[in-house]
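Let's take a look at the cysteines in this chain and see who pairs with whom. Have the model open beside you as you read.

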Amino acid sequence: SGLSQEAGSVEQLSLHCAEGSLEWLYPTGALRLRLAPRLPPTTAAVRGGSPRHITACVKPTGTFRGAQLYLEREGVLELLLPEAPRPRARCFSWLPQEKVALFLQATPHPDISRRIAAFRYELRGDWLARPALPAASLGTEGTCRPCNDTEILMAICTSDFVIRGSIRSVSNDAELQESIIGVSATRIHRQKFPLFQAAGRPGRPVGSIRTPLRCGVKPGPGTFLFTGWLHFGEAWLSCAPRYRDFQRIYKGAQRMRQNPCEFPMD
């Protein structure tokens with residue numbers, strides 16, 4: 001609570017968890033949030049190559065008021081969330097040796113009415129290695145292109161969900177710049193959380209998967225293998241080959257003994 005802070009003071013905090021949330025009541029002064037995720041050793045560097053990036057995303061609540069959030073990188077501030085922002089996630093990345101922090105600065109108001117600056121955050125060490133990212137602020141290159149064979153084979157091994165099914169519908173959210181794909185699942189190969197569930201009666205599990213609006217997803221017939229990641233509790237699309245194409249790719253890799261993992265085939 002800002003009621004316990006002195007005007008103009010800067011409170012120092014560290015964010016270590018992979019994900020979490022922060023709520024600041026009656027913002028006063030500023031909070032400096034050092035980003036120090038606990039990453040597995042494999043994300044620190046690649047032998048013979050350059051260090052991998054670390055990625056963070058922040059998503060404001062719909063009632064975010066009383067402060068502005070900045071990214072502090074090597075002493076330079078960049079505005080991430082203005083006061084009363086749209087409830088969209090903002091993502092950014094940095095190298096392990098760079099010094100970064102979030103700077104949450106209270107905005108002056110003539111009254112002391114109740115304001116809450118609250119947001120959720122995610123800290124990850126491997127998002128830049130994924131074929132698709134849910135946040136436009138990381139750049140558009142590669143986000144909408146189809147996955148190649150290697151990416152498809154890795155996606156079935158490492159994704160948060162792997163769902164075989166068909167497209168029921170596609171709706172677009174112009175404000176959030178997202179497309180929501182309604183999926184009917186014929187088989188759930190893996191899901192870390194119950195994203196796909198039966199819709200109230202015996203039948204196929206259904207769920208929704210999101211992708212950037214600019215990718216122009218259209219409904220189409222056939223069976224697909226949907227893979228992707230959880231992002232603030234929502235499913236985001238990574239690779240989605242037609243199932244018959246996946247079968248061909250997997251069997252070809254199997255003959256060459258190049259499968260990164262075993263996958264059940266019909």
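## Cys261 and its partner

Cys261 has a relative accessible area of 21%, so it counts as partly exposed. Keep in mind that we're looking at a predicted model here. The cut-off for buried is under 20%, so with its 21% Cys261 doesn't make it into that group.

Who does Cys261 pair up with? Its partner is Cys157, and the two sulfur atoms sit 2.0 Å apart in a disulfide. Cys157 is in helix H1, while Cys261 is in the segment after H2, so you'd have to count 104 residues along the chain to get from one to the other. Cys157 is partly exposed too, with a relative accessible area of 23%. As for handedness, the torsion about the S-S bond of Cys157 and Cys261 is about -90°, which makes this disulfide left-handed.

## Cys147 with Cys239

In total, you'll find 3 disulfides in the structure. Another one joins Cys147 to Cys239, with 2.0 Å between the sulfur atoms. Here the torsion about the S-S bond is about -90°, so this disulfide is left-handed. Both ends are in loops: Cys147 in the one between strand E9 (116–124) and helix H1 (149–158), and Cys239 in the one between strand E15 (234–237) and helix H2 (243–255). That's a link between distant parts of the chain, 92 residues apart.

Are these two cysteines buried or exposed? Cys147 has a relative accessibility of 16%, so it counts as buried. Cys239 is at 1%, so it is buried as well.

## Cys57 with Cys91

Now for the pair that sits in strands. Cys57 and Cys91 form a disulfide with their sulfur atoms 1.8 Å apart. Which way does it twist, left-handed or right-handed? The torsion about the S-S bond is about 105°, so the answer is right-handed. Cys57 belongs to strand E4 (residues 54–60) and Cys91 to strand E7 (residues 90–94), so this bond ties together parts that are 34 residues apart in sequence.

You won't find much of either residue at the surface. Cys57 has 0% relative accessibility, so it counts as buried. Cys91 is buried too, because its relative accessible area is 3%.

## A look at Cys17

There's one more cysteine to check out. How accessible is Cys17? Its relative accessibility is 42%, so Cys17 counts as partly exposed. To be called exposed, a residue has to be over 50%, so Cys17 at 42% stays in the partly exposed group.

Note on methods
Residues numbered from 1 in each chain as written. Predicted model: local features only at pLDDT ≥ 70, side-chain atom pairs only at ≥ 80, totals over all residues. Heavy atoms only, no water. Disulfide = S-S within 2.5 Å. Helix = DSSP H or I, 4+ residues; strand = E, 2+ residues; numbered from the N terminus. Buried < 20%, exposed > 50% of the residue type's maximum accessible area, 1.4 Å probe, protein only.
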